[in-house]
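Work through the exercises below with the model open. Each task is followed by its solution.

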Amino acid sequence: MDEKDRADGVRLTARERAALAEIEEGLRQDQEPAPTPRRPSGGRLLPITVALMLVCSVVLAVVGARTSDAILLWCFAVLWPLTVLQIVRLLGRWIKTTGPFTPWF
C-alpha cells in the first residue's frame, strides 16, 4: 500500500496507478496555457465609439438645453446612459491591460 493510498483510504491497482502516473506525466508536460481568443477589431473600435458617443451626447445636451426642444432632450436621455456604459466597458478593458491594482487604488 502506497503513502497516497493510506492518506485518503483508497487502494489503487497497479494498472490504475500506471494510468494515473501516465496522466500526471502528460499534465506536467503540458505547460503552455491554452490560447485566448482575441477579437480582431474590438480593441480599436471601442475607444472611437466612446469618443463619438460622448461628442454626440454633449452636442445633444447643449443644443437641447438651449432650444428646450423635447425631442433633443429625449435623444440625450437615451444616449447618455449608453455612453456611460461604454465608458465603463472601456475603463474595464484598460484596467485589465494595465495589470493589477496598486495598493492606493
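Helices (H or I, at least four residues) and strands (E, at least two) are DSSP runs, numbered from the N terminus. This is a predicted model, where local features need pLDDT of at least 70, side-chain atom pairs count only at pLDDT 80 or more, and totals for chains, interfaces and linings use all residues. Residues are numbered from 1 along each chain as its sequence is written, and side-chain values use heavy atoms, with hydrogens and water left out.

**Exercise 1.** Find how many salt bridges the whole structure holds.

Solution.
- Apply the criterion: a side-chain nitrogen of Lys or Arg within 4 Å of a carboxyl oxygen of Asp or Glu.
- The search returns two salt bridges.
- Glutamate 24 pairs with arginine 28, with closest N and O atoms 3.9 Å apart.
- Glutamate 25 also bridges to arginine 28, at 3.3 Å between the closest N and O atoms.
- Together, Glu24, Glu25 and Arg28 make up a network of salt bridges.

**Exercise 2.** Place the partners along helix α2 (residues 14-29).

Solution.
- Glutamate 24 and arginine 28 are four residues apart in this helix, so about one helical turn separates them.
- Glutamate 25 and arginine 28 are three residues apart in helix α2, about one turn.

**Exercise 3.** Decide for each partner: buried, partly exposed or exposed?

Solution.
- Set the cut-offs: buried is under 20% relative accessible area, exposed over 50%, partly exposed in between (1.4 Å probe, protein chains only).
- Glutamate 24, at 29%, is partly exposed.
- Glutamate 25, at 39%, is partly exposed.
- Arginine 28, at 51%, is exposed.
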